Every structure is written in structure tokens, then in C-alpha cells.
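Trainee: I am new to this structure and would like a close look at a single part. Could you walk me through it?

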Amino acid sequence: MKYTAQDFKSNQEVRWCPGCGDHAVLASLQRALPEVCEALGYTKERFVFVSGIGCSSRLPYYMNTFGFHSIHGRATAISTGMKVANPTLTIWQATGDGDALAIGGNHFIHAIRRNIDINIVLFNNQIYGLTKGQYSPTSKLGAITKTSPYGTVEHPFTPGALVLGARGTFFARSLDSEINLNKEIFVAAAKHDGTSVTEMLVNCVIFNDGAHATISDRENREDRTITLRHGQPMIFGKNKDKGLILDGQKLKVVKIGENGITEKDILVHDATTVETGIHSLLIEMKYPEYPVALGIIRDVKDMTYDDNVRDQLLEVKSKSTITCMDELLHSGATWEVK
Amino acid sequence: MQHKVIDTQDVVIRFAGDSGDGMQLTGTLFADASALYGNEISTFPDYPAEIRAPHGTVSGVSGFQVHVGSIEINTPGDFCDVLVAMNPAALKANAKWAKPTATIIVDTDTFDEAGIVRAGFKTLDPVTELKVEDRNIIYSPITTLTKESLKDSGMDNKAIIRCKNMFTLGMCFFMFNRPLEFTYAYLEKKFKKKPQLIEPNKKVLFDGFNYASNIHAIANTYTIQPARQEKGTYRNISGNQATAWGLIAASEKSGVPLFCGSYPITPATAILEELAIHKNLGVKTLQAEDEIAGICTAIGAAYAGNFAVTTTSGPGLSLKSEALGLAMITELPLVLVDVQRSGPSTGIPTKTEQTDLNQALYGRNGECPIAIIAAHSPSHCFDAAFYAGKYAMEHMMPVILLTEGFLGNGSEPWKIPSMKDYPAIKPPFIDSCEGQYKPYQRNPETFARYWAVPGKAGLEHRVGGLEKNTEGVISSDPLNHEKMCAERAEKVARLANYIPDQEVIGDKKGEILIVGWGGTFGHLYTAVKEFHAEGKSVSLAHFDFINPLPKNTAEIFGNFKKIIVCELNSGHFVDYLRAKLPQFKYMQYNKVQGQPFIVKEIVDAVNNIL
């Protein structure tokens, strides 16, 4: 069956604020899923969208698929149970920086550690929107919010670093408005076996407007971000004349054509290497010292929890002599009363 | 040397030692051998929370009581006929449980000055200090004899000393004429991968047996004839094992695969461990990162079409409260097993109580009634878990199954049932619908919604913690909210149409009705039997169904002049009854000591009001 984006739109009114970055992410997803279905032979009814609490967690209502809008922070655990219970389902999870990294931090890292085959879309707007403007675990140091009127005094998480620390196998990053890149990432995430985490840098027009503006402005975007593609040199900039090289144990931005640098000196992106070193350096790049890395930074193969559960079940079953409850009841030490 | 005649109908033996002395194993092996011999048994492990508490101190004493009989046995017994005290601390902690006629076996090797001081005695004469000098005390150098028995075994000193519990077990086997074969078979299985340990363990058990027969200290041996049990095949089962098996049985009957998301917690962990073994029966277990993930993975599994279970104890129930509300409002089937322990907070983790009832009844935000079933004996945990699963799946709702540490860890012989005698379980699955699927449309009889498992085209729908209307659309409409709350409550209330009537043990009409629930059954029943033996009109209504109450509850209560509600908390069930059935006057007897009732205190309490 061939689907269009329209097939994934529910009949429910989308209630995000006008101008909210979530709209674009939703549109990207609705455009990506027909392609996912075509590539993998999926039908629409196998999709389940799961979410926790927060603005982005309203997303399941807007998808014309099965959906579960759960409680704050716990979507990852709910997705995990769903996938183990019914591995034929394709699970997508919408979550925010508060939902996934504050109240749900524990479930987030453990799902990634297990590498359960779910797709997490992390809407990072660096603020609590639904509760009207308190700082989140990704708010920049010093951020002035309603609960930090004098600025925050704590470092934010870099979500990708958390993913790597938890043995993550797939991490991508994008901007809400990069609809084509988002679509490309979502298709790759769907194809990836294991937990995929896509960090979407989204703009909250009401409580944190312009949080990502320094890198997302059309004017400067190409100079301040780099879109990584596996097997391609790490080149960026309006004129495609800047690149990244390894300088000792650090990355360094260089200009092609200056100081004898040619395209051959530029690092080639390898998303599939198990080594976390370069991936970690790419994830940690911050403007203005570096361009912010977008695209699929890491996409490596590893065993998945759900496959292992299934295989173990089959193996134990094939070796066991007990096949039903009555046999179990009579197993071990029993005695007869006559 | 006093010679005592002990009632051979039933005997209570209490094994007590340091928490590393292997007393739980010794007690379990004695109980298992007795059960296999055909006796009725009931066991009560009474151990500290510390795995290895300070050596030789009272806080580190681990006990295991077993009641063995040729008659019907319903409790582990109040006081013991034989006390095994492996060190002075064990004697100090347990002397109060020894009957005036009791035999006490002590390992004299541990009763040196250091050991006596460490146990906190004021003098160097513990027996006099505890005023147990008139008991039949068997002084045996158990440690020395064990070393002697195993000196040629090739084992190191530490390993040899660990075997002294087997020597003691051998002594007890002689005293009670237990055959050694059952334990031999156990040792052969346990040490299959370390065969060099099989013969030494058998030897030390045998030497203990012979030692007891050779010394004249034990003048009498006791024979407890096999009990006159109903015909059939029997096995020994603990409450936690029975709970796990009952859940698997519900999975088999319904044809719905079992998923258990859980987090280890005393005293519930053994259920997760037991379920984890049975992958051969399609059981999936997920040891989650925390209690909340335990229940949330289960909720996800329920949505995806599995029979979902989460197991816990009191503190875990607290952590699961919000998610339990989610299961309730999304109307998904889920069994939550709470093996209650002493609280609040961490409380006394290894001790038993019934103090989670209020939490189970009321411990959630919003209007959130949840069905509650309680198990009343170790083997009854099987049926209780089976029916919890049946009602959860057929009525599309979470069900809390309350058991207790006393039941979970306790064990008893069980006549093995046949699965053909259990009812079918038919969850309301739905495969297709006309037009837009309405997730909160209900069965008009049960009020259950239908189970539309993802993967079925045309049934796409969204559920969640936000209030919805019947169509599954978010709604904050005041009247819709009131209607949905009422419908969800009505669904729980209507379960009363499907559960059995409450039974009364004893006269159906009379003077006094003892009311109990959960794991106190054995003690309350034994007390009632004592009253019946004296010709007194005292009956028992022991509730397995807490919410909703059986439909004939008021009718029963109306037939008695006095009602006394006995429970191991400050009065949770009695308060609930006062709210539900305020037309009756209730008296109450409560105990909050982290210990089960003793029969005598129930008898005394009832005699006071007779």
C-alpha cells in the first residue's frame, strides 16, 4: 500500500502555538512515514506514537496511528514494554527536554543502554513550555526564566553526550525548520535497529523565542552549522569552503585553500564506527568556536534488547520439557496421597 | 535430664542462628522432607534485613519456624516444641518462643565467653539468665562434631563450618523420624555442578542423625504420622511461587502472553525470579530500572496486547501510584502484586504486615477506585493471582493483588489442581469496527471497554492520562468528566456481579463474627476451631475480595450480634467497612509489630467480648 503524508494526519485540531517549531517536526514526520512504509514494507496500523507530558507530547493526537499519551517522563518505559510485548510494532516516541532528561532521565538512559528498537524524537526547546517558562536540563548556564530570575547556576546536559554515555547506537540532530533533513533523518532512524535518538532543536515562540536563533537564522545557518553525511567530508559554510580537521585530540575549523589545506585534509564522516571519540567531539561542538553538528552523527549496529528477548524465549522453549501449566504444576518434588 | 512427652499430632520447630548459619535452608529442608513424608506443614521465615548482620549479635539472628502435623495445620504455630539455637544470640532472641515443655538444642561451641558477651548477656550463664533452665536442653558441641565428621573431606575449615547446619538437620531428622532420602536427593541436585560437595554434605547429615541416636540426651523420638489428606498429588509451594504460577495459569487460559515488568524489592522479588525461569511458557520478564519503569513497561505491554503484570512491595506501590492511575484511566488490564511488608517508608523490610490496604484503596490522585483481591494462604496465592488476571483482562482494568511477606515466604503442601477445572478467560478483544473506532465504548454488562491491540487496521486510536470522551478525544467538559469518572467507578463496582459470595465458617447466625482478610486466615481459622471445640458460637468471615466487597456482605453481618475485625494494621479494613456498611457496629483487634498474629491473642481478644 502506498501512503501519503495525508494518511498520517489525524482529524484532531493541532493546538500548538502559532509559530511553534513543533509544527514543522510534525510535518516532517508525516512526510517521512510514507517513505518508511515503502522502504520497509510497513503498514500504517503497525505504528504507535507514545509520549509523556509537555507541549511536544501532544504529538500522538495529531498522528492518525495508534497512540499513547502517557505521564510525565515515563513514555520511554511505556515504549519499552510495548516493543518487548509486541515486536512487530514500530514505536515512535515524542518527548521534550524536561520529559526525557529531567523527570524521565532514568528511563531515557536505560532504554538507550538496552538498545530497544524504538525511535525517540527529542524536542529540545531548552525550556518548560506547558508549565509556562521554567528552566529545563538543557537551558543554557545563566538562563533567565521564571524559576531562575537571576539566571541558572547549573550546567545543561548535551543530550547527545548522554546518548553516547548510555552506549547509544543512533544519534542525530536537526533544526525544526529543516524539513528535508528531518525527513532524511527519520527514515534512517526507522531503518536503524535499536534505539534512535533524534534531537530536534525547536523554537518556543512564547517562552524561549530565539533560543537557537544564532545558528538557525537563515542568514548564518550554513556558516554556523554543519550537516554531516556518512562518507562525506565534513565541509560547511555558505561557500562550502570550511571544514573540520583533527588537531591533536581536538577538532579544528579550517578554511580550504588557506595554509595549504585541501579538501583531502578534511575529515570524512563515519557514522558507523563503534568508536565514540569523533562522535563525541562532533556532538559537543558549540557555536561560536565550532559549527553545530546536524544530521546523523552516529548510526552503528549492535544487538537489540527486543531481538535478544525473542531469541532467548525461543531457545529456552526449544530446550524445555515443560510445555504447559499442568506439566509445570507436576514438575519437581510431588507426592501421592491415596 | 527431664523426659517429656510431646503431642505427636503436631510439632513446632524453630531453627535459629546467625544470619550466615543457613537456618533458612535448614528449616526449608526440614519442612520439605516433612511435606514429602505426607505431613501437613506451615512455615514462617523470620529473618533480618541485613544479609550478614554483625556476627553473633541479636540483630543478626535469622529464624525459621515450621509447624508439622498429622492434623490440619493452618499456622506456623505460636510457640515451639523444639528450639535449635546455633549461638547465644539465637537463644536470647528466641527463648521467649519456647514452650515450657520445649526441648532446646544448643551448639555449646558457640557458648564461650566471647559469644555470650556479644549476644549482650549480663552474666555468663545465659540459660539461667533467660530462665529456661527447666527446659530440656541438649548441649551439643555441634561445631566440633561437624569438624570431626568432615576432617577427611578435603574441604577447608570455613567450608566445613558452613556444614554445621546439616549436622543439626540430621539431629532433628532423628528426633522426628524423618527419612534422609529427600534431603539426599536435594543435595545431589543442588551440587550437580560441584559433585565433590555431595558426599561430605550427605555424610555430615548422616553423622548428625547418628549422633542424636547415640547420645542419650534425646530420650524420646517423635513420630508424626502422615496427615489424612484428600486423595491426590501434592507438592509443597510458597506464596510467591504460587503467585507466579497463578499468573502463568491466567496467561495460558486466556491465550494472552504474560509480560512482567518489575524491580527487585523484598519480599516480592521471588515472584519476578520465578517468572523469569518460565520463558518456556512464553513468559517475558523485564527487570526495569526502577519501580516506575516496572509498572510503565507493563502498561505499555498491556496496550500492545499482553497480559501485563508488575510485582512489588509497599514502597514500590507508592512509587507506582501515578502510573496505576494511568492504567486506570486508560482502562488497560494490569495485575499489580503487592507483597506487603512492614512500613512506613523502608520500615522493617523482612517483616510481615497488612498496612498497605489504605494505600491500595485510596493511594492515588483523582477519582481512582481500583479492584483489590487478597490472598489468604501460601497456596491460595495461585487462585488469587489467577482470578486477578481473569478479572483484569475481562473487565479491562488494573487489579491489585495483596499478599504479605508471611504468605510470600511461607509454604505449605498443596493438592495440585488441574487446569481443566479453572474457568476460561475471555478478554474483550476487538478486531474491526464500523466507522471511526471509539476507544471508550463499553460493554453494557461489565462496563469494560474493548481491547483494540495495535496492528489492527481501522482501529487506530489514542489513549492517555488526559480525560477523554467516549470517542477518545481529549475533553475537559465538566459533565463528560463526571460521566467518565462514574462509568469507571461503576465498572469496578460491577465486578461484584462476577465474584463469588462471601462464605462464613461456623454458624451462619450467632454471637460473634470474626472478620479478617489476607494472610491472617490461618490464625483466625485456628482460633475459631478452638472456640468450636469449646462449643462457643464464634464464626469467621475471611475476605478474599476487598474491592468490591461480595454482594452478600451486609446480609452476613446482619446475622451476628457482634463483629470483630482483626488485622495486622491499625484498622484499615474496619474503617473501610465502616464507610461502606455504616449500619453495623464494628469492634477491632489490631497488631502492628511486623509479626503475624498468634492464635492465643485472638482467642483472648474474642473471649474479652464474649
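Which residue follows α1(B), and what is the sign of its phi?

Mentor: Happy to help! Keep in mind that this is a predicted model. The residue after α1(B) is B:Gly38, and its phi is positive, near 110°. Now step back into the helix itself. Helix α1 of chain B covers residues 23-37, which makes 15 residues. At 1.5 Å a residue these should span 21 Å, and because the end C-alpha atoms are 21 Å apart, the expected and modelled lengths agree. The helix is also mostly covered, with 14 of its 15 residues buried. As background, an α-helix has 3.6 residues a turn, so residues three or four places apart point the same way.

With the helix in view, let us turn to how the two chains meet. Chain A brings 50 residues to the contact and chain B brings 56 residues. On the side of chain A that touches chain B, several elements supply at least two residues each, among them α5 (105-114), α11 (305-319) and β12 (334-337). The largest share there, eight residues, comes from α3(A). By type, this side of chain A divides into 23 nonpolar, 20 polar and seven charged residues.

β12(A) deserves a second glance: four bridges join this strand to β7 of chain B (residues 232-238), and the two run antiparallel. Within β7(B), B:Thr233 stands opposite A:Glu336.

Finally, chain A has two domains: domain 1 takes in 5-232 + 269-305, and domain 2 takes in 239-268. Their C-alpha centres lie 29 Å apart.

Notes
Residues numbered from 1 in each chain as written. Chains lettered and ligands numbered in written order. Predicted model: local features only at pLDDT ≥ 70, side-chain atom pairs only at ≥ 80, totals over all residues. Domains from an automatic or database assignment. Expected span 1.5 Å × (residues − 1). Buried ≥ 20, exposed ≤ 12 C-beta atoms within 10 Å, placed from the backbone. Contact = placed C-beta atoms within 7 Å. Nonpolar A, V, L, I, M, F, W, Y, C, P; charged D, E, K, R; others polar. Pairing = 2+ DSSP bridges.
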